[in-house]
Amino acid sequence: MRIIIERSNLLKSLSHVHRVVERRTTIPILSNVLVRTEDGGMRLKATDLDIEITESVAAMGEEPGATTVPAHLLYDIVRKLPEGSEVKLATNGEGTQMTVSSGRSNFRLQCLPEADFPDITAGSLSHSFQLKASDLLRLIERTQFAISTEETRYYLNGIYLHTVEAEGDLSLRAVATDGHRLARAEVKAPSGSEGMPGIIVPRKTVGEVQKLLGDCGDDDTVAVELSDAKIRFTIGAVVMTSKLIDGTFPDYQRVIPQNNDKALTLDRQTFSNAVDRVSTISSERGRAVKLSLSPDQLTLTVNSPDSGTATEELAVEYGSDDIEIGFNARYLLDITSQLSGESAVFMLADPGSPTLIRDGGDETTLYVLMPMRV
């Protein structure tokens, strides 16, 4: 195999595919990236057996072939080569070594045979649809922070993607929860998503898709194919296939309060800054902030046995009974950072019940936050 490629093109593709490769693995081939020449270029492929990512990139092929080399090592080498340079990749006759050369720099990397590289893309995908990249990114950004990291509740370790019908309109909805907070966002369901199974997309896959979508323009679209076991995203020249979490997502609708009648409307940024300031005094472990509400006034209080007390008063829109309720400060900051409008609406019931938070600028998202004892 012999191929010449622009350093910038190779670096961009390697930056996409090498991220799924685990730095520590007991299976040596999984540390490698598969490099294969094809008409008009080359194809890179990496996998951790749960996610597989491939990308085609333009290059000048001089001699066809395929091999696998250490992914992170190749990425680090190409990253340190001078900008604007050309990179030549060539394997020896036995296919046991690859030479990476650019200008006066030469590297020899150990190869493993291409035949040993695993393939997880087999199997048919029952549903396929096109989605605007900006819509998919919004679904992810509005919900990802609420994904659980608790491995024992593995069915919460991802985003639940499904379709729901309301008033004759079909929506594609994303939900994530860790038991303390819940995030829900939706977009108009794209054609082809009708009847799709409800699926749980794993946290790592969600993170990788989010990074890839960051390179997309406003008008770009993403092709999504899925079954009840796998999902495939085609984003430009990148194709990512992932296994799904094999579990049942809980009935999240039961957690969303319907009868919270105390409405608090406040300026999102002012509130977020105030929470950030008063929580400075709290110990990382507790981080509880108390919200004391009276007509058109909110007082934020944090008590720390070690450090002291912090309070701040805000003018708000509130016309119900006085109430005191506590929340985890970090969870409040996470939610307010997702809101797109200038205002946020908190629907409260009592100090022990979940609170519903709506975005003043976006009716398609909602958040539920469990209170803390303060």
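**Two sheets, their helices and some aromatic pairs**

Let me begin with helix α5, residues 268-278, which lies across strands β19, β20 and β21 and runs at about 170° to β21. Before going further I should say that what we are looking at is a predicted model, and that the chain averages a pLDDT of 94, with 99% of the residues scoring at least 70. Among the elements of the chain, strand β5, residues 60-63, has the lowest mean pLDDT, at 87, while strand β14, residues 199-202, has the highest, at 98.

Let me stay with the strands that α5 lies across. They belong to an open sheet of four strands, in the order β21-β20-β19-β23, and the pairing in this sheet is antiparallel. The edges are formed by β21, residues 308-315, and β23, residues 323-328, each of which pairs on one side only. Neighbouring strands here are turned by 20° against each other on average, if direction is ignored. If you look inside the sheet, strand β19, residues 288-294, and strand β20, residues 297-304, run antiparallel and are joined by five bridges, and you can find L291 standing opposite L300 in β20.

A second helix belongs in this picture: α6, residues 329-338, lies across β19 and β23, running at about 85° to β23. At the start of α6, a side-chain oxygen of N328 reaches to within 2.8 Å of the backbone nitrogen of R330. How many of the 10 residues of α6 are buried? Eight of them are, so the helix is largely enclosed by the rest of the structure; the buried residues are A329, Y331, L332, L333, D334, I335, T336 and Q338.

Now to the other sheet I would like to show you, which is also open: eight strands in the order β6-β2-β3-β4-β17-β16-β15-β10, again with antiparallel pairing. At its edges stand β6, residues 66-70, and β10, residues 127-132, and because each has a single partner strand, one side of each is left without a neighbour in the sheet. The twist from one strand to the next averages 20°. Further in, strand β16, residues 230-235, pairs with β17 in the antiparallel sense over six bridges, and within that pairing K230 has K243 in β17 as its bridge partner.

Helices accompany this sheet as well. Helix α3 packs on it, touching β10, β15 (221-226) and β16, and the direction of α3 makes about 95° with that of β10. Helix α4, residues 203-213, lies across β4, β15, β16 and β17, and runs at about 165° to β17.

For a single residue in this sheet, take T54, which is placed in strand β4, residues 51-58. Is T54 buried or exposed? At a relative accessibility of 8%, T54 counts as buried. If we leave aside its neighbours within four places in sequence, T54 is in contact with R43, L44, K45, A237, V238 and V239.

Another helix with many buried residues is α1, residues 7-17: eight of its 11 residues are buried, so α1 is largely enclosed by the rest of the structure. The buried residues in α1 are R7, L10, L11, S13, L14, S15, H16 and V17.

I will finish with the aromatic rings, for which a search of the whole structure finds five pairs. In one of them, the rings of F145 and Y367 have their centres 5.9 Å apart and their planes at 40°, so this pair is tilted. The pair links distant parts of the chain, since F145 sits in the loop between α3 (133-143) and β11 (158-166) and Y367 in strand β26 (residues 362-369), 222 residues apart. Both F145 and Y367 are buried.

Y160 and F249 make another aromatic pair, and this one is stacked, with 4.8 Å from centre to centre and 15° between the planes. What does this pair tie together? Y160 lies in strand β11, and F249 lies in the loop between β17 (238-243) and β18 (262-267), so the pair ties together parts that are 89 residues apart in sequence. Y160 is buried, with a relative accessible area of 18%, and F249 is buried too, with a value of 8%. Ring pairs also bring in Y252, linking Y160, F249 and Y252 into a cluster.

Conventions:
Residues are numbered from 1 along each chain as its sequence is written. This is a predicted model: local features need pLDDT of at least 70, side-chain atom pairs count only at pLDDT 80 or more; totals for chains, interfaces and linings use all residues. Side-chain values use heavy atoms; hydrogens and water are left out. Rings of Phe, Tyr and Trp (its six-membered ring) pair if their centres lie within 6.5 Å; planes under 30 degrees apart count as stacked, over 60 as edge-to-face and the rest as tilted. Helices (H or I, at least four residues) and strands (E, at least two) are DSSP runs, numbered from the N terminus. Buried means under 20% relative accessible area, exposed over 50%, partly exposed in between (1.4 Å probe, protein chains only). pLDDT is the predictor's confidence in each residue, from 0 to 100. Two strands pair if DSSP finds at least two bridges between them. Axes are lines fitted to C-alpha atoms, for helices over the stretch in contact, and angles run from 0 to 180 degrees between N-to-C directions. Contact means heavy atoms within 4.5 Å. A polar contact is a pair of N or O atoms within 3.5 Å; within protein, one must be able to donate a hydrogen and the other to accept it, and residues adjacent in sequence count only if both atoms are side-chain atoms.
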